[in-house]
Amino acid sequence: MRVAFFNELDNFSIANKLSSEDIIKGISLDSRIGDWYNNPSFGFGGYCLPKDTAQLQSQFGEVPESLITATLQSNIKRKGYIASAIINLKPRVLGVYKLSMKINSDNSRSSSILDIISKLSEENIRILIYDPTINIKCTNYEKCNNLEEFKVKSDLILANRVDNHIADVSRKVFTRDLFGRD
């Protein structure tokens with residue numbers, strides 16, 4: 001719910017050309033909310049969280065609930081919103097910098113970026129993936145193992161989380177990683 005909340009604040013900020021960072025910092029000043037795990041992303045994913053949330057939802061049975069369902073729906077909408085934002089930028093070659101959800105992770109199972117890539121591939125956008133930690137066989141995408149070549153070939157670079165390896169091309173990086181953590 002927390003991830004969905006901050007992602008929706010980010011959607012609102014993008015749509016209204018407001019500073020997501022300033023809004024999130026302001027809300028995080030409330031000690032009941034705090035400034036932990038408030039960094040927007042492309043949506044929650046990974047192996048456990050989506051599966052466990054869906055399982056929790058199914059366990060409610062006849063017990064009234066709306067928040068768990070809304071959290072799952074919010075995550076689906078977030079990925080669609082991010083894909084639409086990228087489509088509107090009209091990149092010819094979209095570079096995808098790492099498939100994992102978190103910094104220093106090699107786990108890309110059920111990563112939100114995979115759903116976004118799937119939506120973008122339907123738009124005839126050439127997709128180039130750079131991720132040295134993951135050995136994937138690409139059918140609809142190209143894999144590039146050379147970071148410098150990847151940066152040159154990409155018109156726009158999609159990065160769920162940023163690190164210093166792409167700092168020199170920050171002008172062409174599309175990310176929602178405002179705080180460099182989580």
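**View 1. Strand β1, tucked inside the predicted model.** All of β1 is hidden here: five of its five residues are buried, so the strand is largely enclosed by the rest of the structure. This is a predicted model. Look at either face of β1 and you'll find cover. On one side sit V93, G95 and Y97, on the other L94 and V96, and all of them are buried. Buried here means under 20% relative accessible area.

**View 2. The sheet around β1.** Five strands make up an open sheet, and they line up in the order β3-β2-β1-β4-β5 with parallel pairing. At the edges are β3 (142-143) and β5 (173-174), each of which pairs on one side only.

**View 3. β1 meets β2.** Zooming in on this pair, five bridges link β1 and β2 in the parallel sense. To find your way along the pairing, pick out V96: the residue opposite it in β2 is I129.

**View 4. β1 meets β4.** Here β1 (residues 93-97) runs parallel to β4 (residues 156-158), and three bridges join the two strands. Two pairs are worth picking out. L94 has L156 of β4 as its bridge partner, while G95 stands opposite I157 in β4. Both L94 and G95 turned up in the first view too, as buried residues on opposite faces of β1.

**View 5. A helix laid over the strands.** Helix α5 (residues 112-121) lies across three strands, namely β1, β2 (126-130) and β4. Against β2, the helix runs at about 155 degrees. In the sheet order, these three strands read β2-β1-β4.

Methods. Residues numbered from 1 in each chain as written. Predicted model: local features only at pLDDT ≥ 70, side-chain atom pairs only at ≥ 80, totals over all residues. Heavy atoms only, no water. Pairing = 2+ DSSP bridges. Helix = DSSP H or I, 4+ residues; strand = E, 2+ residues; numbered from the N terminus. Contact = heavy atoms within 4.5 Å. Axes fitted to C-alpha atoms, helices over the stretch in contact; angles between N-to-C directions. Buried < 20%, exposed > 50% of the residue type's maximum accessible area, 1.4 Å probe, protein only.
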